[in-house]
2 protein chains.
Amino acid sequence: MTKVHSSYFRDSILDYPGLTLVGKGIDLGNGCDVDFADGLEYFEQDNDVKVVALHVEGMRDARRFLSVANRVAHSKPIVALKTGRSGLAAEAAQSHTGSLVGKDEVWEVALKQSGITRVNDIDELGDMVKAFSLLPLLKGKRIGVVTHTGACGVISIDACQKSGLEIARPSSIAMKQFSAVSPPWLAVSNPVDTWPAIMVSKQSPTEAMAEAARAVINDVDAVLFVWLATCQQWCDEHSQLMMELANSCPDKAFIAHPYGPLAHEAAAKLEKTGKTMAFSSPDRAARALSHLADYSHFLGCF
Amino acid sequence: MTKVHSSYFRDSILDYPGLTLVGKGIDLGNGCDVDFADGLEYFEQDNDVKVVALHVEGMRDARRFLSVANRVAHSKPIVALKTGRSGLAAEAAQSHTGSLVGKDEVWEVALKQSGITRVNDIDELGDMVKAFSLLPLLKGKRIGVVTHTGACGVISIDACQKSGLEIARPSSIAMKQFSAVSPPWLAVSNPVDTWPAIMVSKQSPTEAMAEAARAVINDVDAVLFVWLATCQQWCDEHSQLMMELANSCPDKAFIAHPYGPLAHEAAAKLEKTGKTMAFSSPDRAARALSHLADYSHFLGCF
């Protein structure tokens, strides 16, 4: 489902760590006979293709591309890494593929208006191909954070605000549920810090996570879980909980930032569920959720 | 060599993928008896510690901290993730560690003036602990890019410009060396696209990389290699070349963005040399080189 200007993307995205979702690619090269619009129309017809990823240096007929993209974006998400931003880069692109690059500010607006998700680097491109494949679109931008560490609660707030997401303020009734298992000195709010509850109550980390999720779930469109991946049992139990939540609330996204020695294994396990995914930082997680919400907004879902 | 506000950093950074360099950590927690300045002074005396990484939500005596940090930063690099940027995050930090967070704009200037390398997320924190441990400081901001793919040349220019680095324009004599092995239609410049030379000459990918490096090396402070990690032999040969360059030019940084199915193995191999390192994108590579140059500038090296 990729469509690229260069073999780099065929070799890097198709081998993106853990990404076994990419099936089809078109390397346009210099595009002397077929162009981006042709490729988009081809993938539009292909029911196997769920997400279209583009690497664009520039092109000759941007008007036709944007018109086709706008139509295709109504039926499947399009993610684009548009490079050649600076004058020097534009020169290099012209020497590489003969593309006319154009002003970056114009591309920024044009891509957005066409409903294309623009990403800024190769890591984000990989994240978004996965996110659109694995997660539901968001109904809004209200985020809940359930964390094993207060530090990552603070980091997650920073990350959400940077990405234009809203840290939801759940109703006091919902919060009271979790206060009941937390120590009395803790001012329970969102992000929900579960570690004090784990320390004082008889709950396992997964039970505390489940309880915290129940405290925020009705007031949010997505939950970011931050959890310690330090032993196999926790990874199994936490992943299982996230999959159950994804099954019972299919219109909300459940994602994780696992940390610790088994973080990579935890990420692979989450992605194998086909319904949840992991990010290497709260910042990358928030960036992805924000794109999911923006695309959903483009489709008129909220 | 970490000094943190929370167990999150003990568990995440100390287990950062491939990072076996972190030896010592102080978890200050609420810091009711020792604070950041005390920790910095302790690590200042410790010759085992080469780099100090901080996670700071806020603190009570910022004046003393900045004064101690300024002294310590003259003898070893300090990397800081300062969180609690927004009002809501500051509130959460106060509830987490009782820290007074303060205006983020003030922190930005104060950290910079003290010679502290401020990072924006946990990925960048890990990158910089590695970069300061493995790479030399840069004498300037002139970057050379040697790549197997023209696309990544364009991306690397974008990344360098975003990070305030300069894509060097090597002398025409140096460029002529590489033009001699490239096809005549290629306008050889920096970034140096090696693939056309590999296709038309009898050179192996590593030989072409070596030749391209020789064409830019005298005019740059660092070289970013972008190479295809698709078979073990290439990974071995490319890593070997990069280590030889690092040995023969110890005041320049040689880093890579390997891509393809063996990218992870290639990264591990490079970092084991103790002299070079890999990044998951040209963007992260450029960000790190920029920090190395800024710190070097702070020390008065250029």
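Me: How many disulfides does the structure hold over all chains?
Reply: Counting over all chains, the structure holds zero disulfides, and please keep in mind that this is a predicted model.

Me: What about B:Cys235, and which cysteine sulfur is nearest to it?
Reply: B:Cys235 takes part in no disulfide, and the nearest cysteine sulfur belongs to B:Cys231, at a distance of 6.7 Å. A disulfide needs the two sulfur atoms within 2.5 Å, so the pair does not qualify.

Me: Is B:Cys235 buried or exposed?
Reply: B:Cys235 counts as buried, with a relative accessibility of 1%.

Me: And why does B:Cys301 have no bond to B:Cys249?
Reply: The closest cysteine sulfur to that of B:Cys301 is the one in B:Cys249, but because 17 Å lies between them, they are too far apart for a bond. B:Cys301 counts as partly exposed, at 35% relative accessibility.

Me: Switching topic, how many residues does each chain bring to the contact?
Reply: Chain A contributes 47 residues to the contact and chain B contributes 48 residues. Between them the two chains bury about 3,500 Å², and 63% of that is on carbon and sulfur atoms.

Me: How many salt bridges and polar contacts run across the interface?
Reply: Two salt bridges are found across the interface of chain A and chain B, and one of them joins A:Arg169 to B:Glu91, with the closest N and O atoms 3.6 Å apart. Across this interface there are also twelve residue pairs in polar contact, counting pairs with both residues at pLDDT 80 or more.

Me: Which element gives the most to chain A's side?
Reply: Helix H7 of chain A, residues 150-162, gives the most to the side that touches chain B, supplying nine residues. Sorted by class, that side of chain A has 19 nonpolar, 16 polar and twelve charged residues.

Me: Where is A:Ser281, and what does it touch?
Reply: A:Ser281 sits in the loop between strand S11 (277-278) and helix H13 of chain A, and A:Ser281 is buried, with a relative accessible area of 0%. Apart from neighbours within four places in sequence, A:Ser281 is in contact with A:His257 from its own chain, and with B:Ile122 and B:Asp123 from chain B. In addition, a polar atom of the A:Ser281 side chain lies 3.2 Å from the backbone nitrogen of A:Arg284.

Me: What else does the side chain of A:Arg284 meet?
Reply: The side chain of A:Arg284 meets that of A:Asp127 in a salt bridge, at 2.9 Å from N to O. Because A:Asp127 lies in helix H6 and A:Arg284 in helix H13 of chain A, the pair ties together parts that are 157 residues apart in sequence. A:Asp127 is buried, with a relative accessible area of 6%, and A:Arg284 is buried too, at 12%.

Me: How many salt bridges are there over all chains?
Reply: The count comes to 35 over all chains. Among them is the bridge between B:Arg71 and B:Glu44, whose closest N and O atoms are 2.7 Å apart, and this pair links helix H3 to helix H2 of chain B, 27 residues apart. B:Arg71 is partly exposed, with a relative accessible area of 41%, whereas B:Glu44 is buried, at 18%.

Me: Which residues are linked in a network of salt bridges?
Reply: In chain A, a network of salt bridges links A:Asp35, A:Asp38, A:Glu41, A:Glu44, A:Arg64 and A:Arg71.

Definitions and conventions:
Residues numbered from 1 in each chain as written. Chains lettered and ligands numbered in written order. Predicted model: local features only at pLDDT ≥ 70, side-chain atom pairs only at ≥ 80, totals over all residues. Heavy atoms only, no water. Contact = heavy atoms within 4.5 Å. Buried area = accessible area lost by both parts, 1.4 Å probe. Salt bridge = Lys/Arg side-chain N within 4 Å of Asp/Glu carboxyl O. Polar contact = N/O pair within 3.5 Å; in protein donor to acceptor, adjacent residues only side chain to side chain. Helix = DSSP H or I, 4+ residues; strand = E, 2+ residues; numbered from the N terminus. Nonpolar A, V, L, I, M, F, W, Y, C, P; charged D, E, K, R; others polar. Buried < 20%, exposed > 50% of the residue type's maximum accessible area, 1.4 Å probe, protein only.
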